[in-house]
Amino acid sequence: FTGLYPHSNGVWGNSMALGDNVKTIGQRLSDQGIHCAYIGKWHLDGGDYFGLGRCPDGWDPEYWYDMRCYLEELGDPEKRYWSRQSSSALNGGVKAEDTYAYRCAERARDFIERYQDEDFFLVVSFDEPHGPSLCPEPFASMYEDYEFPVSDNVRDTLEDKPSYQRVWAGGALEQDRSDFHLKAPLLLGSNSFMDHEIGRVLEVADEVLDEETLMIYTSDHGDAMGAHR
């Protein structure tokens, strides 16, 4: 997004702000007359995990929707707390329209339909399936009976690993994993829910955009699922 290494743009971890002299691709492209919009988690403004709710230069403020915007939209403190608890997804407790993923997808669909005849650069940055992995039915219970095969690395003692890895492991380092079972129904369910929401965005794109439109699908990281503690 900046064309620079972390030691040059100032961001080498979450919640660190970009340097004031650093331009993002949004600024570079909008300077060339390309309409740029960013919908989703940002992590580049120096705020906490959710962001500051302020649109940076180069992006359309009407469509800006970081996680702070989502929390503000939820309003009720209890609803905000609900949105960060995995238990909220149990027993059919989540409606699709209450999730961050759904609301990001809706904004993306609206942008594509509205600006289909312009040159644009649209980023849709979902937080899901990152924990708490909220998702509605049928996704929330879709994988409740599935158990991952467990490999030997879940019992890695980290004795031959750098000390920082043992620090990251924390209390998991002392766990007895001789009979370790691995189930992650909400993570997998949320992943399938994400496939569905991305599909809703692509559905509109396929209907109104021409064949020369470039779509890039990527991810920032996977999940260790108990491997190496």
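Let's start inside, at I112: leaving aside residues up to four places away in sequence, I112 touches F120, L122, V201, V204, A205, V208 and L209. Before going further, keep in mind that what you're looking at is a predicted model.

Now widen the view from that one residue. I112 is part of the largest nonpolar core, a group of 40 residues, and together with I39, Y65 and L122 it touches the most other members. Several pieces of the chain come together here: β1, α3, α5, β2 (120-125) and α7 (185-208) each supply at least two residues of this core. The biggest giver is α5, with 7 residues. Apart from this core lies another one, made of 5 residues, including V154, F180, A184 and M225.

With the inside in mind, step back and look at the whole chain. You can pick out 7 helices and 2 strands. Walking from the N terminus, the elements come in the order α-α-β-α-α-α-β-α-α. The C-alpha atoms fill a box of roughly 60 × 45 × 40 Å along the principal axes. There are 229 residues in the chain, and 38% of them count as buried. How do the contacts spread along the sequence? Among contacts in the chain with a separation of 6 or more, 70% are between residues 24 or more positions apart.

On the outside, the accessible surface comes to about 13600 Å², and carbon and sulfur atoms account for 49% of that. As for charge, the chain carries 20 positive and 43 negative side chains. The centres of those two sets lie 6 Å apart.

Some of those charged side chains pair up, and the structure holds 17 salt bridges. Let's visit three of them.

Take R68 and D48, whose side chains meet in a salt bridge at 3.0 Å, N to O. R68 lies in helix α3 (residues 67-74) and D48 in the loop between β1 (35-40) and α3, so this pair ties together parts that are 20 residues apart in sequence. Is D48 tucked away or out in the open? D48 sits in between, counting as partly exposed because its relative accessibility is 38%.

Next up is the salt bridge between the side chains of R114 and E62, at 2.7 Å, N to O. Here the link is between distant parts of the chain: R114 belongs to helix α5 (residues 100-114) and E62 to the loop between β1 and α3, 52 residues apart. R114 is partly exposed, at 45% relative accessibility. E62 has a relative accessibility of 51%, so it counts as exposed, the cut-off being over 50%.

The last stop is E73 and R103, whose side chains also form a salt bridge, at 2.7 Å from N to O. This one runs from helix to helix, with E73 in α3 and R103 in α5, linking distant parts of the chain 30 residues apart. Which of the two partners is buried, and which is partly exposed? E73 is partly exposed, at 40% relative accessibility, whereas R103 is buried, with a relative accessible area of 14%. The pair isn't on its own, either: salt bridges that share partners join E73, K79, D98, R103 and R107 into one network.

That brings us back to where we began. Helix α5 holds R114 and R103, and it also gives the most residues to the largest core.

How values were computed. Residues numbered from 1 in each chain as written. Predicted model: local features only at pLDDT ≥ 70, side-chain atom pairs only at ≥ 80, totals over all residues. Heavy atoms only, no water. Salt bridge = Lys/Arg side-chain N within 4 Å of Asp/Glu carboxyl O. Helix = DSSP H or I, 4+ residues; strand = E, 2+ residues; numbered from the N terminus. Buried < 20%, exposed > 50% of the residue type's maximum accessible area, 1.4 Å probe, protein only. Contact = heavy atoms within 4.5 Å. Areas by Shrake-Rupley, 256 points an atom, 1.4 Å probe, with all protein chains shown as cover. Lys, Arg positive; Asp, Glu negative; His and termini not counted. Charge placed at Lys NZ, Arg CZ, Asp CG, Glu CD. Core = buried A, V, L, I, M, F, W, Y, C linked by side-chain atoms within 4.5 Å.
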